[in-house]
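Visitor: I should like to go through this model with you, one question at a time. Please give the cut-offs behind each term as we meet it.

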Amino acid sequence: QVQLVESGGGSVQAGDSLRLSCAANRRIFSNNAMGWFRQAPGKEREFVAAISWNGGNTNYAGSVKGRFTISRDNAKNTLYLQMSSLKPEDTAVYYCAAARSAISGPVAADYRSWGQGTQVTVSS
């Protein structure tokens, strides 16, 4: 059954902002770290950002640090990714994922549940 559902993707111009959301099942969201990954056509899935169970710790890929902000609302079981100063190289399908522990990082294998993804396209 569906555990994670992403939304908020779309087509924007370089320099624009976009906010992605991920609605999660409470059972896998509560007390677990969450992350965002992305995959461009013909490329391997790559880590974007992660956040600990209470939002106290965050990790970002070097390519998005300073431009993207990951956050979560535990009361709403929702994960967010605020993307600013978007670049064409940010174009990809973005996936949210739930980890197996309270704190996690960039290793995809550490995440037990994945959404189906939402497309983000940035035009120059």
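Guide: Let us begin with a definition: a residue is buried when its relative accessible area is under 20%, exposed when that area is over 50%, and partly exposed in between, with a 1.4 Å probe and protein chains only. This is a predicted model, in which local features need pLDDT of at least 70 and side-chain atom pairs count only at pLDDT 80 or more, while totals for chains, interfaces and linings use all residues. Residues are numbered from 1 along each chain as its sequence is written, and side-chain values use heavy atoms, with hydrogens and water left out.

Visitor: What is the secondary structure of the chain, read along the sequence?
Guide: Helices (H or I, at least four residues) and strands (E, at least two) are taken as DSSP runs and numbered from the N terminus. On that basis the chain has one helix and 11 strands. Read along the sequence, they follow the pattern β-β-β-α-β-β-β-β-β-β-β-β.

Visitor: What is the radius of gyration of the chain, and what does the globule rule give for 124 residues?
Guide: The radius is taken over C-alpha atoms, and the globule rule is 2.2 Å times the number of residues to the power 0.38. The chain is as compact as a globular protein of its length, because its radius of gyration is close to the value from the rule. The two values are 13 Å for the chain and 14 Å from the rule.

Visitor: Which strands does strand 4 join, and by how many bridges?
Guide: Two strands pair if DSSP finds at least two bridges between them. Strand 4 (residues 34–39) has five of its six residues buried, so it is largely enclosed by the rest of the structure. Strand 4 runs antiparallel to strand 5 (residues 46–51), where Met34 stands opposite Ile51, and also antiparallel to strand 9 (residues 92–99), where Arg38 stands opposite Tyr94. The bridges number five to strand 5 and six to strand 9.

Visitor: Which residue in the turn between strand 4 and strand 5 has a positive phi?
Guide: Strand 4 and strand 5 form a hairpin, with six residues between them. The residue in this turn with a positive phi, of about 75°, is Gly42.

Visitor: How are the rings of Phe37 and Phe47 arranged?
Guide: Rings of Phe, Tyr and Trp (its six-membered ring) pair if their centres lie within 6.5 Å, with planes under 30 degrees apart counted as stacked, over 60 as edge-to-face and the rest as tilted; by this rule the count comes to four aromatic pairs. Phe37 in strand 4 and Phe47 in strand 5 are 10 residues apart, and both are buried. Their ring centres are 5.6 Å apart and their planes stand at 70°, so the pair is edge-to-face.

Visitor: Which residues form one aromatic cluster with Phe37 and Phe47?
Guide: Phe47 counts as buried at 13% relative accessibility. With contact meaning heavy atoms within 4.5 Å, and residues up to four places away in sequence not counted, Phe47 touches Trp36, Phe37, Asn59, Tyr60, Ala61, Gly105 and Pro106. The aromatic cluster is completed by Tyr111 and Trp114.

Visitor: Which strand gives the most to the largest nonpolar core?
Guide: A nonpolar core is a set of buried Ala, Val, Leu, Ile, Met, Phe, Trp, Tyr and Cys residues joined through side-chain atoms within 4.5 Å. The largest has 34 residues, of which Trp36, Leu79, Leu81, Met83 and Tyr94 touch the most other members. Elements that each supply at least two residues include helix 1 (26–29), strand 3 (18–24) and strand 8 (78–83). The most, six residues, comes from strand 9.

Visitor: Is Asn77 buried or exposed?
Guide: Asn77 lies in the loop between strand 7 (68–73) and strand 8. Leaving aside neighbours within four places in sequence, Asn77 is in contact with Cys22, Ala23, Ala24, Arg26, Phe29 and Ser30. With a relative accessible area of 14%, Asn77 is buried.

Visitor: How does Gly9 count at its relative accessibility of 35%?
Guide: Gly9 is found in the loop between strand 1 (4–7) and strand 2 (10–13). Beyond four places in sequence, Gly9 touches Leu18, Leu20, Thr118, Gln119 and Val120. At 35% relative accessibility, Gly9 counts as partly exposed.
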